[in-house]
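Here are a few notes to read alongside the coordinates. I hope they help as you look around the fold.

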Amino acid sequence: MENVLNVAQYIYDEYKRETGEKIDELKLQKLIYFCQRESFAIKGVQLFNDSLEGWVHGPVSPIVRMYYEEDFGINYSTNELIEDDARIVRNVLAEYGGLASWKLRNLSHEEISWRNSRMGLNPNDRGNRKLNLDDIKKDA
């Protein structure tokens, strides 16, 4: 199982390699969620063990939030992904990487896992409830 920081750095590097641009954090956070969901769909298991939380603008990894820097990606020592996991990430980038950050945000708001994590909160409440893995499996 991967570390979410490794996944985030891989997304950052691949996105930059493919587009020549740096990925913004909103887009990175949503792609991390879609990678987790895709891993359930393809392999039946989670890609990484770290939790995602249901924030106002969709699923967020608090640890990625802490270490993300726009100019470098993850300001933390990261490792390469195993090839099966890297393939999942590349598939997600191929499917969703071309979409605008706000489009990904809106797509994430359609997910059961995010909606359930926001139950009882006002639309502008930050929220810090973890997305339930069983809900992510349903989304997959």
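**Notes on helix α2 and its surroundings**

1. Let's begin where α2 begins: a side-chain oxygen of aspartate 24 comes to within 3.1 Å of the backbone nitrogen of leucine 26. Please keep in mind throughout that this is a predicted model.

2. The length of α2 makes a nice check. The helix covers residues 25-43, and its 19 residues, at 1.5 Å a residue, should span 27 Å; the C-alpha atoms at its ends are 26 Å apart, which agrees. After the helix comes glycine 44, with a positive phi near 80°.

3. Is α2 mostly covered or mostly open? It is mostly covered, with 16 of its 19 residues buried. Lysine 43 is partly exposed because its relative accessibility is 37%, and the buried class ends at 20%.

4. Leucine 28 is a good residue to centre your view on. Setting aside neighbours within four places in sequence, leucine 28 is in contact with Ala8, Ile11, Tyr12, Ile23, Val64 and Tyr68. The largest nonpolar core has 32 residues, and Leu28 is among those that touch the most other members, along with Ile11, Leu31, Ile32, Val64 and Val89. Helices α1 (4-19), α2, α4 and α5 each supply at least two residues of this core. Its largest share comes from α1, which gives eight residues.

5. Now for the charged pairs. How many salt bridges does the structure hold? There are nine. One of particular interest for α2 joins the side chains of arginine 37 and glutamate 111, at 3.1 Å from N to O. Arginine 37 is in helix α2, while glutamate 111 is in the loop between α5 (101-108) and α6 (112-117), so the pair ties together parts that are 74 residues apart in sequence. Both arginine 37 and glutamate 111 are buried, so you may like to look at this pair with the surrounding side chains displayed.

6. Another pair brings us back to lysine 43, whose side chain meets that of aspartate 85 in a salt bridge of 2.6 Å, N to O. This pair also links distant parts of the chain: lysine 43 belongs to helix α2 and aspartate 85 to helix α4 (residues 83-96), 42 residues apart. Aspartate 85 has a relative accessibility of 3% and therefore counts as buried, whereas lysine 43 counts as partly exposed.

7. For a local pair, turn to lysine 137 and aspartate 134, whose side chains form a salt bridge at 3.7 Å, N to O. The two are three residues apart in helix α7 (residues 133-139), so about one helical turn separates them. As a reminder, an α-helix has 3.6 residues a turn, so residues three or four places apart point the same way. Lysine 137 is partly exposed, with a relative accessible area of 43%, and aspartate 134 is partly exposed at 47%.

8. Finally, a loop residue: where does leucine 52 sit? Leucine 52 lies in the loop between α2 and β1 (53-55). Its relative accessibility is 3%, so leucine 52 counts as buried. Beyond the neighbours within four places in sequence, leucine 52 is in contact with Ile32, Tyr33, Val60, Ser61, Arg129, Lys130 and Leu131. By contrast, valine 92 is 40 residues from leucine 52 in sequence and 17 Å from it in space, C-alpha to C-alpha.

Note on methods: Residues are numbered from 1 along each chain as its sequence is written. This is a predicted model: local features need pLDDT of at least 70, side-chain atom pairs count only at pLDDT 80 or more; totals for chains, interfaces and linings use all residues. Side-chain values use heavy atoms; hydrogens and water are left out. Helices (H or I, at least four residues) and strands (E, at least two) are DSSP runs, numbered from the N terminus. The expected span of a helix is 1.5 Å times one less than its number of residues. Buried means under 20% relative accessible area, exposed over 50%, partly exposed in between (1.4 Å probe, protein chains only). A polar contact is a pair of N or O atoms within 3.5 Å; within protein, one must be able to donate a hydrogen and the other to accept it, and residues adjacent in sequence count only if both atoms are side-chain atoms. Contact means heavy atoms within 4.5 Å. A salt bridge is a side-chain nitrogen of Lys or Arg within 4 Å of a carboxyl oxygen of Asp or Glu. A nonpolar core is a set of buried Ala, Val, Leu, Ile, Met, Phe, Trp, Tyr and Cys residues joined through side-chain atoms within 4.5 Å.
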